[in-house]
Amino acid sequence: MIALTLAEVASVVGGEVTGEPGVVVDGPVVLDGREAGPGSLFVAFVGEHSDGHDHVGQAAAQGAVAVLGSRPTELPTVVVADTRRALQLLAAHVVREVRRAGGLTVVGLTGSQGKTSTKDLLGAVLGQVAPTVATRGSFNNELGMPLTALRVQPETRFLVLELGARGRGHIAELTALVTPDVGLVLNVGTAHLGEFGSREAIAEAKGELVECLPASGTAVLNADDDRVVAMATRTPARVTTFGRERAADVRVEELVLDRLGRASFVLATAQERVPVALRLVGAHQALNAAAAAAAALALGLTATQVGEALGAVATLSRWRMELHELPSGVIVLNDAYNANPESARAALDALATIGADASVRRTVAVLGEMRELGGTSDAAHAAIGAYAAERDVDVVLVVGEAARALSDGAGDRSVFVPDNEAAAAWLRAHVGAGDAVLFKASNGVRLYEVPAALQ
C-alpha cells in the first residue's frame with residue numbers, strides 16, 4: 001500500500017486512533033495475521049466463529065505495525081464502527097491518490113465463467129508493458145476487491161479487478177468505490193443461478209459493470225453472447241467486442257488444438273492478423289485470450305505485443321486447467337477450483353481432445369457437485385453426465401451424494417463413490433499409464449486435493 005500515517009488512515013475512514021497516530025503503514029494490508037509483513041496494516045474482523053482482534057499478536061510478530069478494527073488492541077489501532085466499510089473507503093482513497101499522481105488505469109471484469117483465467121491473462125499481458133496489480137485467485141468479493149486495490153503503489157499503471165456477484169447491486173457497490181476505465185463482460189451463464197433466480201437477473205447484475213463506466217471509458221463485450229451484447233445500450237462508454245463471430249472487433253480465427261488441447265489461433269482485428277499459440281489447455285481459453293486482447297488493445301497495446309504476451313503465459317491461478325504429465329504416464333487435468341455447467345462442458349471438451357491422441361489409453365472424468373444451481377441442480381448434473389457420455393469419456397467417477405445425478409446422465413460408464421477419500425482410493429486402484437484424468441467440481445467440494453492420489 002502507499003505510505004499513510006495512522007492519522008491519515010483514520011481521517012479517510014472516519015475512525016479514531018488509539019496509540020501513536022504517527023505510525024506509518026506502507027506494507028501489505030491483510031486479513032490473516034500469518035500473511036502480514038513489515039509495515040502491514042492488519043484488518044481485524046469479528047466473525048461468527050473467530051475474532052481477528054485475538055490474532056493481533058500473530059500479525060505483529062510478522063511485522064504488522066497497526067490495526068484497523070472495531071476496538072483498541074496492543075498495536076496502534078484505527079477504531080471504526082464498520083470495519084468492512086472502512087476497508088472499502090481506504091481502498092477507494094488509495095486508488096484515487098495513485099490515479100491523481102501517476103495515471104493509474106483501472107480495468108474491471110466479470111462474467112459467469114472464465115473470470116479468473118481472463119484476469120490472469122490480462123494481468124500478464126499488461127504486466128509486460130507496465131507495473132500491474134491484478135486480483136489474486138478469485139479474491140473478487142466485497143473484501144477481496146478492496147484488498148487487491150490496496151496493493152497498488154505509486155508506480156502502478158494498471159489495476160485489474162475481477163468482480164464477482166451473488167446478487168443485484170453487488171457489482172455496483174464495488175465499482176462505486178473504484179470506477180473502472182475499462183469494463184469487460186465475458187458471458188451470462190448459469191453460475192449462481194440458485195441465488196439469482198434467472199439468467200435475465202444474472203445479466204442485470206453483470207451489466208452493472210458497464211453502467212458505471214465514464215463516457216471516456218471502454219466497454220468490452222462478448223459478441224457471441226446475446227445477453228452481453230445487449231449491454232451496449234446500458235453504457236455511455238465506447239463499445240468494442242470480442243468473439244468468434246465475424247462481426248466482433250477482436251476475433252478468434254483458424255482455431256486448432258494440439259494433442260494436449262492447447263489452442264493456437266489467429267487474433268484478428270480490422271487492421272491486423274497475429275498468430276497466437278497458447279500454452280493453456282482448452283478451446284475455451286482462446287475466447288478468454290481474445291477478451292483479454294480486446295481490453296489490452298483498448299488500453300493502447302499493439303496486437304503484436306498482445307499476441308506475444310498471451311503466448312508466454314504458462315500458468316493460471318491454482319487448480320484452473322492445470323495440466324500435469326506424471327512420471328507414471330498418467331495425464332492429470334486439474335480444473336477443480338470451481339464448476340458450473342458451462343465450465344464443466346469446456347473441461348470435458350478439453351479431456352475429449354486429449355483423449356483423441358493415440359497415446360491416451362482411456363479418459364476418466366472425476367466429477368463432483370456443482371453448487372448454487374438452485375432447483376435446476378439435479379437436471380444440470382444429469383445433463384453434464386450425459387455430455388460426458390456424448391464426448392465418449394470412458395469412465396465418469398461421480399463423487400458425493402450431492403452429485404449423484406451425474407450418474408443418471410452418464411449411464412453405465414459411471415462409477416459412484418461417496419467422498420474424496422473413496423475417490424482417491426478408486427483412482428489408486430484403477431488408473432495407470434496412458435490414462436488422462438480430469439478433476440472438476442465446485443470449490444467447496446475440495447476435489448482439487450484428490451489428484452495427489454495419483455502422484
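Buried, on this tour, means under 20% relative accessible area, exposed means over 50%, and partly exposed is in between. Keep that in mind as you click around, and remember that you are looking at a predicted model.

**Stop 1: strand β22**

Select residues 435–440, which make up β22. Six of the six residues here are buried, so β22 is largely enclosed by the rest of the structure. Show the side chains: Asp435, Val437 and Phe439 point one way, while Ala436, Leu438 and Lys440 point the other way. That fits the general pattern, in which side chains of a regular strand alternate between the two faces of the sheet.

Now add β18, residues 331–334. β18 and β22 run parallel and are joined by four bridges. To find your bearings between them, label Val332, which stands opposite Val437 in β22.

**Stop 2: strand β19**

What pairs with β22 over six bridges? Select β19, residues 362–367; its pairing with β22 is in the parallel sense. A handy landmark is Val366, which stands opposite Phe439 in β22.

Like the last stop, β19 has six of its six residues buried, so it is largely enclosed by the rest of the structure. Colour Arg362, Val364 and Val366 for one side, then Thr363, Ala365 and Leu367 for the other: both faces are covered.

Next bring in β20, residues 395–399. Four bridges join β20 to β19, and the two run parallel. Here the pair to label is Val364 and, opposite it in β20, Val395.

**Stop 3: helix α14**

Move on to residues 377–390, helix α14. Try the distance tool on its end C-alpha atoms: they are 20 Å apart. At 1.5 Å a residue, the 14 residues of α14 should span 20 Å, which agrees.

Which residues of α14 are buried? Pick Ser377, Ala380, His381, Ile384, Gly385, Tyr387 and Ala388. Then look down the axis: these buried residues of α14 fall within an arc of 160 degrees, so they line one face of the helix. The background is simple: an α-helix has 3.6 residues a turn, so residues three or four places apart point the same way.

Turn to the other side of α14 and you'll find Asp378, Ala379 and Glu390 exposed. To see what the buried residues of α14 pack against, show α13 (341–355), β19, β20 and α15 (405–410).

**Stop 4: some positive phi values**

Stay with α14 for a moment and select Asp392, just after the helix, where phi is positive at about 65 degrees.

Then go to Glu372, in the loop between β19 and α14. Glu372 is not a glycine, yet its phi is positive, near 65 degrees. Is Glu372 buried or partly exposed? Its relative accessible area is 32%, so Glu372 is partly exposed.

One further residue to click is Arg446, in the segment after β22. Arg446 has a positive phi of about 60 degrees, again without being a glycine. With a relative accessible area of 41%, Arg446 is partly exposed.

**Stop 5: the five-stranded sheet**

Jump back towards the start of the chain. Five strands form an open sheet there, in the order β2-β7-β6-β5-β4, with mixed pairing. At the edges are β2 (16–18) and β4 (29–30), each pairing on one side only.

Zoom in on β2 and β7 (residues 77–79), which run antiparallel and are joined by three bridges. Label Thr18 and its bridge partner in β7, Thr77.

Add helix α1, residues 6–13, which packs on the sheet and touches β2, β6 (66–69) and β7. The direction of α1 makes about 15 degrees with that of β7. Helix α3 packs on the sheet too, touching β4, β5 (41–43) and β6. Its direction makes about 120 degrees with that of β6.

**Stop 6: the nonpolar cores**

Finish inside the largest nonpolar core, which has 56 residues. Met1, Leu90, Val94 and Leu159 touch the most other members. Helix α3 (residues 83–102) gives the most to this core, with eight residues.

Apart from it lies another core, of 38 residues; among them are Val182, Ala293, Ala295 and Val313.

For a last close-up, centre on Leu159 and show its contacts beyond four places in sequence, including Val95, Leu104, Val107, Val133 and Val152.

Methods:
Residues are numbered from 1 along each chain as its sequence is written. This is a predicted model: local features need pLDDT of at least 70, side-chain atom pairs count only at pLDDT 80 or more; totals for chains, interfaces and linings use all residues. Side-chain values use heavy atoms; hydrogens and water are left out. A nonpolar core is a set of buried Ala, Val, Leu, Ile, Met, Phe, Trp, Tyr and Cys residues joined through side-chain atoms within 4.5 Å. Buried means under 20% relative accessible area, exposed over 50%, partly exposed in between (1.4 Å probe, protein chains only). Contact means heavy atoms within 4.5 Å. Two strands pair if DSSP finds at least two bridges between them. Axes are lines fitted to C-alpha atoms, for helices over the stretch in contact, and angles run from 0 to 180 degrees between N-to-C directions. The expected span of a helix is 1.5 Å times one less than its number of residues. The arc is that of the directions from the helix axis to the C-beta atoms.
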